[in-house]
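The exercises below are meant to be worked through with the sequence and the model side by side. Each one sets a task and then gives a solution in steps.

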Amino acid sequence: MAYQTDVKPTRAGLLALRSRLRMARKAYKILSMKLDGMIMEVIRLTPEVKKEYDLLIARFNRTRFLIAAAYMMEGTVGMTVAAYSVEVRPEIELSQRNLFGVRVPVITGTNINKDVIERGYGLLGTSLVIDDLADAYEDLLATIIAYAGSEATLKHLLTDIERISRRVKALEHLVIPTLEETEQYLSRMRDEIEREDTSRLFHVKRRKEAAIELEEERRKNME
Amino acid sequence: MNRIKSRRTKLHYFPVTPTAYIYICTRLTVRKSRLIPRDQYMRLLNMDLNQIIRFIGETEYQNEVNELAGSLTGISLIEGALTRNFAETYQSVISITPGALHELTERYVARWDIWNVMLVLRSRQFGIPVDQVRQVLIPAGWIKEARAEFLLSQRTLADIIDGLKGWELHGVLEQYVAGGYHKGLFAEVENALYMSFYKNLFRDAKSGIRGGNTILPYLRFEIDITNIRNLFRLRAGSRINDIRPYMIPGGNLHPEYFQQMYPVEDKQQFIAGMQQAKILPILMEALQEIRCDNQVCEADAADIIWKRWSERKTPLFSMMMAVTRLRLHRLDQISRRYPFSVLPILSYLEHKRYEMINLRAIARGKQFGLDPDSIKRYLIL
């Protein structure tokens, strides 16, 4: 296993390394909790989004069917007149909300479902199929808005899960083991240095004693 | 206003001789027999778009198809030719009807004027390009092509309304649009125009014209059907409490009746109300036709219609189509009973209108890739 070589084998270095290791372990714990939370959220959201998607497809098919029927019954002329009558346009608002630290978009629509008398066309000059088609499109738009919000949330969550899981894996398999190895290496190195010091001191002491003995012998000889 | 009144009075007392009736009715009966017959529709159902273009290009629509073939193709060519031919046919009927009949016919086709006026007003207010509007105008009534062009060239709503001086519904229009545009104005104006349209039609039918009295039950029937349709529409898509302003007066059923029916939630009460309206036999016939089964009884029709009512949905449009077929059938019946009256004229006009609608339905159905059996359900034969 790799270890860091840029750390000085000093006590201060070891302490700094230990604090980094502590921090990495803490980060690992928190991030893996966040990851679990996000995965749970995705598991909760997925069936909902799927349901919304199915609804979207069903509603889209209904509008396809109705638009064919409306074109057959009213022709381009009737459809264009109804389309030109629109007075209030639907509006979409975008905001954000925080979900496990991930910023997800919230899409809300206003003026989506309108009362039949507020749509702009006259009741007496149009036929049923226009109502049905307008209803179908309003429902489709509402579903699109709901689905867009949920899908974007899901996508953001998935991107973040990927990012966070990479980080968690990096912490788990690379950063923490490396720091641990480095710590062990440093400890071993410091022990080695200590041992070297002891033996050096021992040798110095022996040499000093030898020197003293030699001095004493010489003095005796002089006398 | 005085000028319109004098014009109307003059036409009312223009003598329509029995010979004139015979002449015009015979001419239109001959024209009616030239409309596309049922078996040809069955052939058309199996053709593709180009074959349909070729087919209509060899019938009454030849001129229009030839004129438009240079600029349009496919479905837009068919629709363009159909609409143009429709407008021209209506114009020619108006031009050959004499005296008071002329006036009644003009009044009957005034719904296309309302259509055009509303289109022009909306296009001006919402800034829709003139070219797009021109394609969907149907100059089939009092507003002919030249006047439609003139209206399209006007810059403000007030100018457009000034340009409509002399139109019988000008007064109504002026009254509503005088205060300037506000949200929901056009829907109000459109409803008011249709109300006046029916009112004028009633007044004319009662004015002593031959066949006038016989057309009244037909008109009442049409108004009832429209009101019942709108009752369902309002219930399905609206939260308003007072629906009386949206109900056309003059039918067999009073607007009060619809107001009473509107909040009904009890099945027995609803069915009793529908029985009172004498609508169940009509719906039963419609249902028999849809299911091709003569065993269907009134109770079945009542069940279906109650289901739609209780779920706050609009009636099935196949049901409405069947009712339209029935309405046309009734018109035919009474027009056969009074062969030299105003009825053959109206019968021809309606048949012509539904010929356009049928051809359009077939062409559109083909364009959307529907099978012939599905398209057939949208035809009014």
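**Exercise 1. Charges over rings**

Task: In this predicted model, find the ring over which the charged end of Arg111(B) sits, and do likewise for Arg330(B).

Solution: Start with Arg111(B), whose charged end sits over the ring of Tyr108(B) at 5.8 Å from the ring centre. Then turn to Arg330(B), where the ring underneath belongs to Phe221(B) and the distance to its centre is 4.5 Å. Both distances can be checked against the cut-off, which asks for the charged atom to be within 6 Å of the ring centre.

**Exercise 2. Aromatic pairs**

Task: Classify the pair formed by Phe126(B) and Tyr181(B), and state where in the chain each partner lies.

Solution: The search of the whole structure gives 14 aromatic pairs over all chains. For the pair of Phe126(B) and Tyr181(B), the centres are 6.0 Å apart and the planes make an angle of 85°. Because planes over 60 degrees apart count as edge-to-face, this pair is edge-to-face. The next step is to place the partners: Phe126(B) belongs to helix 8 (residues 110-126) of chain B, while Tyr181(B) is in the loop between helix 12 (170-177) and helix 13 (185-205), so that the pair links parts of the chain 55 residues apart. As to accessibility, Phe126(B) has a relative value of 25% and therefore counts as partly exposed, and Tyr181(B), at 30%, is partly exposed as well.

A second pair, Phe197(B) with Tyr198(B), has centres 5.1 Å apart and planes at 65°, and is therefore also edge-to-face. Here both Phe197(B) and Tyr198(B) are buried. Finally, one aromatic cluster is made up of Phe86(B), Tyr90(B), Trp112(B) and Trp115(B).

**Exercise 3. The contact between the chains**

Task: Describe the contact between chain A and chain B by its residues, its buried area and its salt bridges.

Solution: First count the residues, which are 36 from chain A and 46 from chain B. Next take the area buried between the two chains, about 3700 Å², with carbon and sulfur atoms giving 64% of it. On the side of chain A, Met72(A), Tyr84(A) and Leu124(A) supply 24% of the area that this chain buries against chain B, more than any other three residues.

Then consider the polar part, where there are two salt bridges between the chains; one of them joins the side chains of Arg233(B) and Asp131(A), at 2.5 Å from N to O. Polar contacts across this interface amount to 18 residue pairs, with both residues at pLDDT 80 or more. The elements of chain A that give two or more residues to this side are helix 1 (11-84) and helix 2 (128-222), and helix 1 gives the most, with 16 residues.

**Exercise 4. A buried asparagine**

Task: Decide whether Asn358(B) is buried or exposed, and list what it touches beyond its sequence neighbours.

Solution: Asn358(B) is part of helix 20 (residues 343-367) of chain B. Its relative accessibility is 1%, and since buried means under 20%, Asn358(B) counts as buried. Leaving aside neighbours within four places in sequence, Asn358(B) is in contact with Tyr41(B), Tyr378(B), Leu379(B), Ile380(B) and Leu381(B).

Methods: Residues are numbered from 1 along each chain as its sequence is written. Chains are lettered from A and ligands numbered from 1 in the order in which they are written. This is a predicted model: local features need pLDDT of at least 70, side-chain atom pairs count only at pLDDT 80 or more; totals for chains, interfaces and linings use all residues. Side-chain values use heavy atoms; hydrogens and water are left out. Rings of Phe, Tyr and Trp (its six-membered ring) pair if their centres lie within 6.5 Å; planes under 30 degrees apart count as stacked, over 60 as edge-to-face and the rest as tilted. Helices (H or I, at least four residues) and strands (E, at least two) are DSSP runs, numbered from the N terminus. Buried means under 20% relative accessible area, exposed over 50%, partly exposed in between (1.4 Å probe, protein chains only). A charge sits over a ring if NZ of Lys or CZ of Arg is within 6 Å of the ring centre and within 35 degrees of the ring normal. Contact means heavy atoms within 4.5 Å. Buried area is the accessible area (1.4 Å probe) that two parts lose on being put together, summed over both. A salt bridge is a side-chain nitrogen of Lys or Arg within 4 Å of a carboxyl oxygen of Asp or Glu. A polar contact is a pair of N or O atoms within 3.5 Å; within protein, one must be able to donate a hydrogen and the other to accept it, and residues adjacent in sequence count only if both atoms are side-chain atoms.
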